[in-house]
Amino acid sequence: MVEVLSNEGELKGFLQKMEDSGVKRVEIVISEETLEKSPAIAGKYGYAVVDGEDLPGGLYKLTLELRGRL
């Protein structure tokens, strides 16, 4: 299931829940504004960006894998 997240706060909350649940791989759709900060935010919750795809409308689909906190 792909989660559509519209801002940094939603991204942080979602990744916290996924980390707490031990989810190893997640797919998210985010805006261009959130894209720039997403690798740093993902790293804070133990995730690394492993794949990305441009979508229409200035959106991006990212695949993240749980690797451990930085």
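## Exercises on a predicted model: salt bridges and sheet

In this predicted model, the side chains of glutamate 27 and lysine 61 form a salt bridge, with an N to O distance of 3.9 Å. The exercises below start from this pair.

**Exercise 1.** Determine which strands the salt bridge of glutamate 27 and lysine 61 links, and state how exposed each partner is.

*Solution.* Step 1: the N to O distance of 3.9 Å is compared with the cut-off, which is within 4 Å; the pair therefore counts as a salt bridge. Step 2: glutamate 27 lies in strand β2 and lysine 61 in strand β4, 34 residues apart, so that distant parts of the chain are linked. Step 3: glutamate 27 has a relative accessible area of 29% and is partly exposed. Lysine 61, at 23%, is likewise classed as partly exposed.

**Exercise 2.** Identify the residues that are joined into one network by salt bridges with shared partners.

*Solution.* Step 1: the count of salt bridges comes to 4. One of them joins the side chains of arginine 25 and glutamate 65 at 2.3 Å, N to O. This pair also connects distant parts of the chain, with arginine 25 in strand β2 and glutamate 65 in strand β4, 40 residues apart. Step 2: glutamate 65 meets arginine 67 in a salt bridge at 3.1 Å, N to O. Arginine 67 is exposed, with a relative accessible area of 54%. Step 3: through shared partners, Arg25, Glu65 and Arg67 form one network.

**Exercise 3.** Establish the strand order of the sheet and explain why β1 and β3 each have one side without a neighbour.

*Solution.* Step 1: the sheet is open, has 4 strands in the order β1-β2-β4-β3, and shows mixed pairing. Step 2: β1 (2-4) and β3 (47-55) are at the edges with a single partner strand each, so one side of each has no neighbour in the sheet. Step 3: neighbouring strands are turned by 25° against each other on average, direction ignored. Step 4: β1 pairs with β2 (residues 25-31) in the parallel sense over 3 bridges, and valine 2 stands opposite glutamate 27 in β2. Step 5: helix α1 (residues 8-21) packs on the sheet and touches β1, β2, β3 and β4 (59-66), its direction making about 175° with that of β2.

**Exercise 4.** Decide whether isoleucine 30 is buried or exposed, and list its contacts beyond four places in sequence.

*Solution.* Step 1: isoleucine 30 belongs to strand β2. Step 2: its relative accessible area is 0%, so isoleucine 30 is buried, the cut-off being under 20%. Step 3: leaving aside neighbours within four places in sequence, isoleucine 30 contacts Leu5, Leu35, Ser38, Gly58, Leu59, Tyr60 and Leu62.

Definitions and conventions: Residues numbered from 1 in each chain as written. Predicted model: local features only at pLDDT ≥ 70, side-chain atom pairs only at ≥ 80, totals over all residues. Heavy atoms only, no water. Pairing = 2+ DSSP bridges. Helix = DSSP H or I, 4+ residues; strand = E, 2+ residues; numbered from the N terminus. Axes fitted to C-alpha atoms, helices over the stretch in contact; angles between N-to-C directions. Contact = heavy atoms within 4.5 Å. Buried < 20%, exposed > 50% of the residue type's maximum accessible area, 1.4 Å probe, protein only.
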